[in-house]
Amino acid sequence: MQSTKANYSEKLMQAVFYLSALISIIAVIAICLFLLLRGIPAIGEIGIMEFILNEKWKPTDYPPSYGILSMIVGSTYVTAGAIAIGVPIGLMCAVFLAKFCPDTVYKIAKPAVNLLAGIPSIVYGFFGMEVIVPFLRENFGGNGFSILSSSIILGIMILPTIISISESSIRSVPLSYEEGSLGLGATKEETVFKIVLPAAKSGVFTSIILGIGRAVGETMAVVMVAGNAVMPLDKIKLLKPIRTLTTNIVTEMSYASGLHEESLIATGVVLFVFIIILNTALSLIKTRDAKN
Amino acid sequence: MSKIKIEDVNLYYGEFQALKNINMNIKENEITAFIGPSGCGKSTLLKSLNRMNDLIEGVKINGRMLLDDVDIYKDIDASVLRKRVGMVFQKPNPFPMSIYENVAYGPKTHGIKQRSKLDDIVEQSLRAAAMWDEVKDRLKKSALGLSGGQQQRLCIARAFSVNPEVILLDEPTSALDPISTMKIEDLLVDIKKNYTIVIVTHNMQQATRISDKTGFFLHGEVVEFDDTEKLFSMPENKKTEDYITGRFG
């Protein structure tokens with residue numbers, strides 16, 4: 001009697017676990033289906049080459065033009081800028097936290113980095129709008145809403161991702177490597193940069209790819225500082241406004257209808273392809289790492 | 001001639017005194033072995049000879065340690081000291097790079113950039129560690145693919161690469177099989193004419209096989225330090241006798 005009861009509750013729990021796992025899988029599949037079913041026909045109607053290789057985005061003109069090349073380039077530039085700013089700073093910070101930071105400073109610095117991760121993106125956007133944009137306007141001209149302002153904000157936003165993953169991978173490098181290097185008369189700095197950091201490289205790359213993922217997908221903070229103008233390719237400049245894939249969707253979704261609306265969902269499909277490429281790169285790094 | 005002089009050394013990990021009043025002279029071109037039960041301070045003393053203990057927080061040392069009559073804690077930079085006093089660790093710790101890069105790393109950090117010179121150093125060091133023939137065709141392969149014994153000999157080759165005067169070995173064969181152990185023992189005996197060697201070992205047979213002098217440590221003190229032959233055949237101290245005859249430890 002007792003054993004059947006135990007058996008029964010075990011079965012029940014198993015079902016609960018299965019169901020929980022199923023829900024997350026269903027969510028992924030549902031999102032994919034939604035994107036593909038609504039986006040692909042639009043891409044078909046517009047023509048894939050026309051859609052991704054045309055720089056003219058005039059969905060309300062007659063006849064309309066649905067080219068998102070400018071946004072693809074915009075997302076790429078803004079993300080590259082974020083990486084150029086965020087990766088060196090984040091990496092140096094991770095090295096400092098893991099290897100050179102006195103305990104007393106660590107107790108303040110580590111929670112500060114964690115807090116950075118918890119700040120809502122709208123707050124980053126506000127900070128960018130009120131501080132960075134005016135700063136750029138006053139010092140470099142233009143109206144301040146630009147690739148540069150977006151890159152700076154995104155560069156700060158990806159810091160916690162890069163710092164925490166890099167730091168833990170630096171910490172997981174066996175102390176014996178360090179001892180081996182110091183034992184040969186290398187200084188601590190040489191040891192950290194020539195032995196420890198290379199040994200932690202798969203974690204560092206992982207952090208950079210996750211940072212890229214965050215930068216590519218970020219919407220709210222970017223829409224507040226980028227200016228959102230669709231620029232012809234030859235007018236895209238560091239200090240000029242820019243529109244990215246994500247901000248294209250968010251700025252026009254509220255009033256778009258028909259093929260215009262579908263084309264925004266198709267923009268999401270392109271974004272999705274970006275993310276899939278990043279995830280593939282990530283799993284390549286992980287399998288290569290597992291082999292070593 | 002004394003290469004290393006240890007004078008009235010006391011070492012503390014925080015409150016705990018790990019070494020008590022150590023006095024010892026270590027001679028050039030000899031193998032000196034430190035034996036004793038775990039926790040007796042033998043590894044601590046070894047590591048303080050090239051200041052690897054600096055890495056541990058809360059370590060305090062007083063007394064003097066002299067290398068060629070220069071105080072290693074006062075008058076010499078730690079990285080210069082560690083270049084002159086190399087170390088091989090208990091667990092083989094090759095870097096996660098190629099065999100070549102492992103050996104070339106030390107000379108590179110000390111400013112040697114010329115490819116042909118590095119090639120020479122790598123070959124000589126690997127030859128000195130008696131493994132050149134084993135690895136010469138796969139220098140570009142990862143060092144982590146070597147067997148444990150080969151990895152440890154690679155670490156010895158790596159120690160040779162910066163041309164040290166003293167080589168410290170901390171139980172270098174404890175993780176190895178008997179054949180690899182024998183190879184390393186033969187190697188040490190072979191190279192002692194060019195170096196001063198200090199080895200910590202938990203294996204008393206190893207001490208008798210290869211060392212000229214042996215120090216027996218207990219509770220942070222040197223109980224007895226003498227010619228290996230004499231220490232193992234006619235120990236002066238009762239505790240030494242008890243230990244080497246296997247009554248404790």
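A:Arg214 lies in helix H10 of chain A, and in this predicted model that residue is a convenient place from which to begin reading the structure. Is A:Arg214 buried, partly exposed or exposed? Because A:Arg214 has 19 C-beta neighbours inside 10 Å, it counts as partly exposed, given that a residue needs 20 or more such neighbours to be called buried. Leaving aside residues up to four places away in sequence, A:Arg214 touches A:Met157, A:Ile158 and A:Thr161. A:Ala15, by contrast, is separated from A:Arg214 by 199 residues in sequence and by 34 Å in space, taken from C-alpha to C-alpha.

The helix that carries this arginine can be followed along its length. Helix H10 of chain A covers residues 201–217, which makes 17 residues, and from its first C-alpha to its last it reaches 24 Å, close to the 24 Å expected at 1.5 Å a residue. Its buried residues are A:Gly203, A:Val204, A:Phe205, A:Thr206, A:Ser207, A:Ile208, A:Ile209, A:Gly211, A:Ile212, A:Ala215 and A:Val216. When looking at such a list, it helps to recall that an α-helix has 3.6 residues a turn, so residues three or four places apart point the same way.

Some of these helix residues meet A:Ile162, which touches A:Ser207, A:Ile208 and A:Gly211, and also A:Gly86, A:Val87, A:Gly90, A:Leu91 and A:Ala94, again not counting residues up to four places away in sequence. A:Ile162 belongs to the largest nonpolar core, which has 117 residues, and it is one of the six members that touch the most other members, the others being A:Ala94, A:Ile153, A:Val225, B:Ala157 and B:Leu168. Helix H3 of chain A, residues 69–100, gives the most to this core, with ten residues. There is also a second, separate core of 15 residues, and among its members are A:Ala42, A:Ile43, A:Tyr66 and A:Ala266.

Stepping back to chain A as a whole, one finds 13 helices and two strands. Its C-alpha atoms fill a box of roughly 75 × 70 × 35 Å along the principal axes, and 38% of its 292 residues are buried. Among the contacts in chain A between residues at least 6 apart in sequence, 74% join residues at least 24 apart.

The two chains touch each other, and the contact takes 13 residues from chain A and 19 residues from chain B. On the side of chain A that touches chain B, the elements that give two or more residues are helix H8 (175–183) and helix H9 (188–199), and H8(A) gives the most, with six residues.

Chain B has ten helices and ten strands. Its C-alpha trace spans about 55 × 40 × 35 Å along the principal axes, and buried residues make up 46% of its 249 residues. A compact globule of 249 residues would have a radius of gyration near 18 Å, and chain B, with 18 Å, agrees with that expectation.

Where do the strands of chain B find their partners? Strand S1 (residues 2–13) runs antiparallel to strand S2 (residues 16–27) of chain B, and eight bridges join the two; within this pairing, B:Ile6 has B:Met24 in S2(B) as its bridge partner. The hairpin of S1(B) and S2(B) has two residues between the strands, and in it B:Gly14 takes a positive phi near 60°. S1(B) also pairs with strand S4 (residues 59–67) of chain B, in the antiparallel sense and over eight bridges, with B:Tyr12 standing opposite B:Lys60 in S4(B).

Another part of chain B forms an open sheet of six strands in the order S6-S7-S8-S3-S9-S10, with mixed pairing. Its edge strands, S6 (85–88) and S10 (221–227) of chain B, each pair on one side only, and neighbouring strands of the sheet are turned by 15° against each other on average, direction ignored. Towards the S10 edge, strand S9 (residues 213–218) of chain B and S10(B) pair in the antiparallel sense over six bridges, and B:Gly215 has B:Phe225 in S10(B) as its bridge partner. At the S6 edge, helix H6 (residues 148–160) of chain B lies across S6 and strand S7 (166–170) of chain B, running at about 170° to S6(B).

How values were computed
Residues numbered from 1 in each chain as written. Chains lettered and ligands numbered in written order. Predicted model: local features only at pLDDT ≥ 70, side-chain atom pairs only at ≥ 80, totals over all residues. Helix = DSSP H or I, 4+ residues; strand = E, 2+ residues; numbered from the N terminus. Rg over C-alpha atoms; globule rule 2.2 N^0.38 Å. Buried ≥ 20, exposed ≤ 12 C-beta atoms within 10 Å, placed from the backbone. Expected span 1.5 Å × (residues − 1). Core = buried A, V, L, I, M, F, W, Y, C linked by C-beta atoms within 7 Å. Contact = placed C-beta atoms within 7 Å. Pairing = 2+ DSSP bridges. Axes fitted to C-alpha atoms, helices over the stretch in contact; angles between N-to-C directions.
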